[in-house]
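Welcome! Take a moment to look over the chain and its fold, and then work through the exercises at your own pace.

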Amino acid sequence: MRFVIIGAGRVGLRTARVLRDEGHEVTLIEQDEAMIRRARSLEFPVVEGDGSREDVLEDAGITDADALGALTSDLNVNFTACMIANHYGCRTIMRIDEAYREGIYRKYADEVDEVIYPERLGAIGAKNALLGGTIRAIADIAPHLQVVELTVSNGAPVNGYTMGELQLPADATILAFGKRDQPLEIPNADLSLEDGDRLVVLADFDVLNEVRQLLVGETPDEAASNAGTDATSGTGGVN
C-alpha cells in the first residue's frame, strides 16, 4: 500500500518506519529543515512544504495514495489536509493532542476516518508496563470503550469452562482467543478455558472491572484498583 504522512517528527517518523518495515511505500511531507534531513538520512522520500496545501499533497503522491496520516502537532494543518485527501479517495487519519477537542473536530470533520491521540496511546503502553502480569490494554476505541487482552489464571471463576459456557456482561464482547503460547484465533465454543489462555475483549469501561474479575480472578477491590475506578457490582457470570 502507499501512504502519505504529514509530519516527520516523533510520531510521524516512527509511524513511517513501522509501515516501511512491513513493506509499504511511504512519502513524508515536512517543513522543518532538521526533520527533513533526519528523514532523508533514513532514506525516506520527503516533500518539503505545507501539508495543508493541495499542490504539496499532489507532489507527495496523494492522487495514488491509499491513506493519508496527518500527524503534525498543528490541528489546522491536519484538519485541512484530511479534507483535501478525502476528495482523492484516501483513508484519512488525523492526529489531535487535546482530548477535549475531539467533539469539535468530529462535529465539523465527519469525513475524517479516524482521530488518534498519541499521548493516549503512550499512556496505554505506560499502563501496561506498570500493571504487568495478566492484563494488557491494547487500544482505546472510544471514550468509554477499550480493547484489552486478559490471561486466565488458576483463580479465575471461568477456569475450566468452555468458551460456549462463558457469559460476559452485555457491554463486553470476545474478539479473539488463544491457548497458552499459541497464536490468537477466532473463538471456538468447544475450547476450554485454562490457566495461561488469553482472551481479547472489547468492553465498556463500566463493565471492565467485572470482566477482569471473571477472566483473571481479581477481587472487586483489586479490579477497581488496577482499572483506576471504584469497585462496582455486575451482572455477568458463567452458565
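The exercises below each give a task and then a worked solution.

This is a predicted model, in which local features need pLDDT of at least 70, side-chain atom pairs count only at pLDDT 80 or more, and totals for chains, interfaces and linings use all residues. Residues are numbered from 1 along each chain as its sequence is written, and side-chain values use heavy atoms, with hydrogens and water left out.

**Exercise 1. The sheet**

Task: find the order of the strands in the sheet and name its edge strands.

Solution:
- Step 1: start with the terms. Helices (H or I, at least four residues) and strands (E, at least two) are DSSP runs, numbered from the N terminus, and two strands pair if DSSP finds at least two bridges between them.
- Step 2: read across the sheet. Six strands make an open sheet with parallel pairing, in the order E3-E2-E1-E4-E5-E6.
- Step 3: look at the ends. Strand E3 (46-48) and strand E6 (114-116) are the edge strands, each pairing on one side only.
- Step 4: add the twist, which averages 20° from one strand to the next. Here axes are lines fitted to C-alpha atoms, for helices over the stretch in contact, and angles run from 0 to 180 degrees between N-to-C directions.

**Exercise 2. Bridges and helices**

Task: follow the pairing of E1, E2, E4 and E5, and place helices H1 and H2.

Solution:
- Step 1: strand E1 (residues 2-6) runs parallel to strand E2 (residues 25-30) over five bridges; isoleucine 6 has isoleucine 29 of E2 as its bridge partner.
- Step 2: helix H1 (residues 10-21) packs on the sheet and touches E1, E2 and strand E5 (91-95), with its direction at about 165° to that of E2. Contact means heavy atoms within 4.5 Å.
- Step 3: helix H2 (residues 33-41) lies across E2 and E3, at about 160° to E3.
- Step 4: E1 also pairs with E4 in the parallel sense, over four bridges, and phenylalanine 3 has alanine 67 as its partner in E4.
- Step 5: E4 and E5 run parallel and are joined by four bridges; leucine 68 is partnered by threonine 92 in E5.

**Exercise 3. Buried residues**

Task: decide whether leucine 28 is buried or exposed, and list residues that it touches.

Solution:
- Step 1: buried means under 20% relative accessible area, exposed over 50%, and partly exposed in between (1.4 Å probe, protein chains only).
- Step 2: leucine 28 sits in strand E2, and it counts as buried because its relative accessibility is 0%.
- Step 3: beyond neighbours within four places in sequence, its contacts include Ile5, Leu13, Ala39 and Phe44. The C-alpha atoms of leucine 28 and phenylalanine 44 are 7.2 Å apart, although 16 residues separate them along the chain.
- Step 4: turn to strand E4 (residues 67-70), where Ala67 and Gly69 point one way, Leu68 and Ala70 point the other way, and all are buried.

**Exercise 4. Cysteines**

Task: work out why cysteine 82 and cysteine 90 are not bonded.

Solution:
- Step 1: a disulfide is a pair of cysteine sulfur atoms within 2.5 Å.
- Step 2: the closest cysteine sulfur to that of cysteine 82 is in cysteine 90, 9.8 Å away, so it is too far for a bond.
- Step 3: the structure holds zero disulfides.
- Step 4: cysteine 82 is buried, with a relative accessible area of 0%, and cysteine 90 is buried at 4%.
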